[in-house]
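Colleague: Please give me a close look at one strand and the sheet it belongs to. Then set other parts of the model beside it.

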Amino acid sequence: MPATLSDDDLFDLRWNRGRRDLVGPLGRLYPQAEDLMARLCDLLARHWRDRPADLARLDLARDVDPDWFLSEDMVAYVFYIDRFAGDLKRLPDRIPYLSDLGITYAHMMPCLKPRPGPSDGGYAVMDYREIDPRLGDMADFERATGALRAAGISPVIDMVLNHTAKEHEWARKARAGDPFYQAFYRMFDDDTLPRQFEETLVEIFPDQAPGSFTYYDDLGKWVWTTFNEYQWDLNWENPEVFLAVLDTILFLANKGVEGFRLDAVAFMGKQMGTTCQNLPQVHDILQAITQATRVAAPAVIHKAEAIVGPQDLVPYLGTGRHEGRVSQLAYHNNLMVQFWSSLASEDTRLMTHVLKTHFPESFRRAAFAPYIRCHDDIGWAITPEDTAHVPGVDAAPHRDYLSDFYNGSFPGSFARGADFQVNEETGDRRTNGTFASLAGLEAALTPDEVEAAIARIRLGHALIASFGGIPLIYMGDEIGMLNDYGYANVAEHVDDGRWMQRPAMDWDRATADGPPARIRADLDRIIRLRKATPQFAGDVPTRVLETGHGGLFVYRRLGEPCEITCLANFTAHDQWLGPRAAGLDGGAMIDLLSGRPLALHDGQIVLPPYQILWLRPDP
Ligand code: GLC
C-alpha cells in the first residue's frame, strides 16, 4: 500500500534532512544566539503551512528531481519588466515570445518597491513585501508568476541582502533611535573604525559615491554604505538579520518565486584588515539561506551574484565543507571577462589558463550561469598571478588596453562602449556597452564588418550555451540591440552609465530583417541544439584543453554517449589545428551547429574567423 504523508510529516522529514546542514554554519555565525534553531524551525514551519498547493506540489517534484535546474533544457532570459512588457499585467502577453526562444528561467530585474528617486536600478529596496507600484501590485505579480510557471518558465527575482534602502522600515526605525534596528546595520559613533576599515576596502563607485561610510547629523553616527549613500549595509553578524531576511525570502517564495538572484553577496561579511569581500562567513550565510529554503520551499533555488576574481569565485558553488550545500548557481563573470579579453586581443592563452587552472570540471549539485552581458558594467578581473603565465601579457596594461579597446578609442577597435567608474587613484576603469555594440555591430560600416559582428555574437551565444550551467540571455541581445545613449537625458539615470546597456526592448527590431533577424536565427539554432544535447547539462564535466594554439579556445563536455569537443576561433583570421592537438583521433566527426560533417584540409581542422564548432564523432 502506498504510504500517505501529511504536510506535517513532510515538513519533519525536510527539517531533519536540513538540520545537519544548518547547525554548522549557524553555530559558526551566531555562537551566542539562544534558541536560534527553535526560532528558525518555527519560521520555516509557518511559511510551509502558508505554501500554496501548486507550489507544494512543485516542491515534491523537485525533491524527487533535485537536479532539475542542471538540465540542458534550461535557458534563462534576463529583463526589466517595464522595458520588456510595460508592466506586470501585460507580462503574460509576452510569454509566447519567451517560449518561442526556448526560455525556462525568467530573471525579472528588480521589481520590489524601491526608494523614491535614484534607486541604483531598483537595488535600493524600501519594501520587500511590496511590488514597485510602477509595475503593478502583489496580485499582479502572483498572476504573472503563475502564468510563467504554467508555461514551464521559472520566475526569478533579485533579493538584495547586502543592504536596504535607507527608507526601509528597519532603517527608518534605526534612524529614529531604536537600538533593536540599529543593530540591523553597521553604525559607528565616530570615524575611528570606518577610517581603519577604509585602509583595506575597495571603492565600488569611486565616481558617483566615493568612500564606504556616510555620516548622518541627525543620527550622530556613521553608517556603512558600500554602494550608494542611500544603500545601508545590513549587519549579518546579527542573527535577527538572518531571520528577517529569510522571512522575506520565504514570503516571496510563496508568491511564486522559484529562484532568487542573491545580490552582491561578496560584501556580506566584514572584518578589519581585509577587503571585506568573499570572507568565509559569506559562505556560511549562503549555506544557511539555501538549506533553510530547502526545508520550507524546496522548489526554490538561489543564484549568487559574486562578481569577483577567479580564485574567489569557486567557493560560491560550494567547496570543502560547503560542497553541494550553498547556492545552486553563480554568475560566471570570469568566462565573460575572458570572452571579451580574447576577442579584443585575438589571443586565448589567458582565457585557457584562467579557465583551466581555477575552475573544477564540475560541481556537486551546482553549476555556473554563464553570460556575455548583463545590466552591469564589465570589471576587468584580470590578475598579475594569471598574466604571469602568459608571456608578453601584464595585468595592469592589459586591463588598460581592454578599457581602451571597448570604449572604442584604441586604433582599429571594432567596439563602441564607454568607461565606467574611473578610479583616479588606482587607474582602474570598468566598461559599459551592449553585447552588439561591444561586438562591433554599432561601428560596422561595410558588409564584411557586419558579418564579423554577427559572427562574434554567435560565438558568444554558442559559448555560453555549451560551456555548462544555465546560459543567461540578456534582454535585447537576441536581436543585437545597440547602446542606448538616451540615458543621459533622464535625470535619474544620467549619473549611472550602466543605463547604456539597459535599453527598452525594441519590438520593431524584433521583427526586422537584416542583422537582428540573423542574430535571432543564430540564437534559435544554438538553443534548439543545446536542448537536444544532453552533454550540455550542468552536471556534465567541462574540460578546458590546452592545445598550444593561441587563437583558439577548446573545451570538451565529457558526457554520454560520447564527448562533445567545442573549438572556438577568437580571431579575425582562419585558424588551423591538427585533430590530435584537440585530443581527437582523426575519425569522422560532425559539427552539431552546422549539421555538417567535419572536412579536414591537409589533415587539419580549419576554422574561419570567429567560428565555433561543436564536434561529436559521426557514428
Ligand atoms: C549588484 C547589481 C548592481 C548593483 C549592486 C548593488 O552588483 O547587479 O546593479 O549596483 O549589486 O546593489
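Modeller: What follows begins with one strand, widens to its sheet, and then turns to a second sheet, the ligand and two helices. Keep in mind that this is a predicted model.

Take strand S21, which covers residues 564-569. Six of its six residues are buried, so the strand is largely enclosed by the rest of the structure. Buried here means under 20% relative accessible area. Now look at the side chains. In a regular strand they alternate between the two faces of the sheet. In S21, Ile564, Cys566 and Ala568 point one way. Thr565, Leu567 and Asn569 point the other way. Both sets are buried. One set includes Thr565 and Asn569, and both of these count as polar.

Next, the partners of S21. On one hand there is strand S20, residues 552-557. S20 and S21 pair in the antiparallel sense, over six bridges. The connection from S20 to S21 is a hairpin, with six residues in between. To find the pairing on screen, pick cysteine 566 in S21, the bridge partner of tyrosine 555. On the other hand there is strand S26, residues 612-617. Its pairing with S21 is also antiparallel, over four bridges. Here the pair to pick is leucine 567 with leucine 613 of S26.

Now step back to the whole sheet. It is open and has six strands, in the order S19-S20-S21-S26-S23-S24. The pairing is antiparallel. Strand S19 (542-545) and strand S24 (596-597) are the edges. Each of them has a single partner strand, so one side of each is left without a neighbour in the sheet. S19 runs antiparallel to S20, and four bridges join them. Valine 544 has tyrosine 555 of S20 as its bridge partner. Tyrosine 555 is also paired with cysteine 566 of S21. The bridges can thus be followed from valine 544 to tyrosine 555, and from tyrosine 555 to cysteine 566.

A second sheet can be read in the manner just used. This one is open too, with three strands in the order S7-S9-S8 and antiparallel pairing. Its edges are strand S7 (187-188) and strand S8 (213-216). Each has a single partner strand, so one side of each lacks a neighbour in the sheet. Strand S9 spans residues 221-224. S7 and S9 are paired over two bridges. Phenylalanine 188 has tryptophan 222 of S9 as its bridge partner. S8 and S9 are joined by four bridges. Two of the residue pairs are threonine 214 with valine 223, and phenylalanine 213 with tryptophan 224. The hairpin of S8 and S9 has four residues between the strands. In that hairpin, glycine 220 takes a positive phi near 70 degrees.

On to the ligand. It is surrounded by 13 residues. The closest are Asp120, Arg261, Asp263, Glu305 and Asp376. By class, the shell has four nonpolar, three polar and six charged residues. Three side chains offer polar atoms to ligand oxygens. For arginine 261, the separation between an N or O atom and a ligand oxygen is 2.7 Å. For histidine 163, it is 3.0 Å. A polar side-chain atom of arginine 498 also lies 3.0 Å from an oxygen atom of the ligand. On its own, the ligand has 310 Å² of accessible area, and the protein covers 94% of that.

Two helices round off the tour. H10, residues 239-253, has 15 residues. Its end-to-end C-alpha reach is 21 Å, close to the 21 Å expected. 15 of the 15 residues are buried, so H10 is largely enclosed by the rest of the structure. At its start, a side-chain oxygen of asparagine 238 comes within 2.8 Å of the backbone nitrogen of glutamate 240.

H13, residues 333-345, has 13 residues. It reaches 18 Å between its end C-alphas, close to the 18 Å expected. Twelve of the 13 residues are buried, so H13 is largely enclosed as well. The buried ones include Asn333, Asn334, Gln338, Phe339, Trp340 and Ser341. Just after H13, glutamate 346 takes a positive phi of about 50 degrees.

Conventions
Residues numbered from 1 in each chain as written. Predicted model: local features only at pLDDT ≥ 70, side-chain atom pairs only at ≥ 80, totals over all residues. Heavy atoms only, no water. Expected span 1.5 Å × (residues − 1). Buried < 20%, exposed > 50% of the residue type's maximum accessible area, 1.4 Å probe, protein only. Polar contact = N/O pair within 3.5 Å; in protein donor to acceptor, adjacent residues only side chain to side chain. Near = heavy atom within 4 Å. Areas by Shrake-Rupley, 256 points an atom, 1.4 Å probe, with all protein chains shown as cover. Pairing = 2+ DSSP bridges.
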